[in-house]
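Thanks for coming. I will take a few minutes to go through one model, beginning with the overall picture and then turning to single residues.

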Amino acid sequence: MSYFNVQEVQSAITLLSKTYPNLSKSVKLPNKSVEGRDINALIIGKNKDDASSNSVLFTGSVHGREWGGSDICVYFAADILEAYTKGTGLEYGNQYFDATQIKKIVEYLNLIIFP
């Protein structure tokens, strides 16, 4: 099993922000990585441009040997954007979120995805 590399994570963030421009945007963070790379996060929400909106931060790859951290963040972002757009729910394991719950999440929160 292979995991996303840095370029794949950055490409995914860019692609999602371009595919769903009304619901998401890529944000370049002010500091660079320890390797001198630019760092981006993806903000998802109808109020993505309002910094005072309630927000939830999702991070990945914080710890060494963390299984699938960045990948999970990217897949989650893609899942929620697609579910909202199609008006469907999401199921993870035995937990189901119906279309109404997905709509409330996207319309009343900003999800900040920092893979």
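**Overall layout**

The protein chain has three helices and six strands. What you see is a predicted model. Following the sequence, the elements come in the order α-β-β-β-α-β-β-α-β. The radius of gyration is 14 Å, and the globule rule gives 13 Å for 115 residues, so the protein chain is as compact as a globular protein of that length. If you prefer box dimensions, the C-alpha trace spans about 40 × 35 × 25 Å along its principal axes.

Some totals for the protein chain. Of the 115 residues, 33% are buried. About 7,400 Å² is exposed, and 54% of that comes from carbon and sulfur atoms. Taking contacts between residues at least 6 apart in sequence, 60% join residues at least 24 apart. On charge, there are 11 positive and 12 negative side chains, and the centres of these two sets are 6 Å apart.

**Aromatic pairs**

Now the rings. How many aromatic pairs does the count come to? The count is two.

One of them is Phe 4 with Tyr 75, a tilted pair with 5.5 Å from centre to centre and 50° between the planes. This pair links distant parts of the chain: Phe 4 sits in the segment before helix H1, which covers 6-19, while Tyr 75 belongs to helix H2, residues 69-86, and the two are 71 residues apart. Are these rings buried or exposed? Neither word fits. Phe 4 has 25% relative accessibility, and since buried would require under 20%, Phe 4 counts as partly exposed. Tyr 75, with a relative accessible area of 48%, is partly exposed as well, because exposed means over 50%.

Then there is the pair of Phe 58 and Phe 76, also tilted, at 4.9 Å centre to centre and with 45° between the planes. Phe 58 is in strand E3, residues 55-59, and Phe 76 is in helix H2, so this pair ties together parts that are 18 residues apart in sequence. Here the two partners fall into separate classes. Phe 58 is partly exposed at 30% relative accessibility, whereas Phe 76 is buried, its relative accessible area being 18%.

**A backbone angle**

Staying just after strand E3, please look at Ser 61, in the loop between E3 and H2. What is its phi? The value for Ser 61 is positive, about 60°, although this residue is not a glycine. For context, most residues other than glycine have a negative phi. Ser 61 counts as partly exposed, at 41% relative accessibility.

**Two loop positions**

To finish, two residues in other loops, each with a distance to a partner far along the chain.

Asp 49 is in the loop between strand E2, at 40-44, and E3. Its relative accessibility is 59%, and as the exposed class starts over 50%, Asp 49 counts as exposed. From the C-alpha atom of Asp 49 to that of Asn 110 is 9.1 Å, with their positions 61 residues apart along the chain.

Pro 21 is in the loop between H1 and strand E1, at 24-28. Pro 21 is partly exposed, with a relative accessible area of 46%. Its C-alpha atom is separated by 17 Å from that of Tyr 108, and these two residues are 87 apart along the chain.

That is what I have; I will leave the model on the screen for discussion.

How values were computed
Residues numbered from 1 in each chain as written. Predicted model: local features only at pLDDT ≥ 70, side-chain atom pairs only at ≥ 80, totals over all residues. Heavy atoms only, no water. Phe/Tyr/Trp six-rings, centres within 6.5 Å; stacked < 30°, edge-to-face > 60°. Helix = DSSP H or I, 4+ residues; strand = E, 2+ residues; numbered from the N terminus. Buried < 20%, exposed > 50% of the residue type's maximum accessible area, 1.4 Å probe, protein only. Rg over C-alpha atoms; globule rule 2.2 N^0.38 Å. Contact = heavy atoms within 4.5 Å. Areas by Shrake-Rupley, 256 points an atom, 1.4 Å probe, with all protein chains shown as cover. Lys, Arg positive; Asp, Glu negative; His and termini not counted. Charge placed at Lys NZ, Arg CZ, Asp CG, Glu CD.
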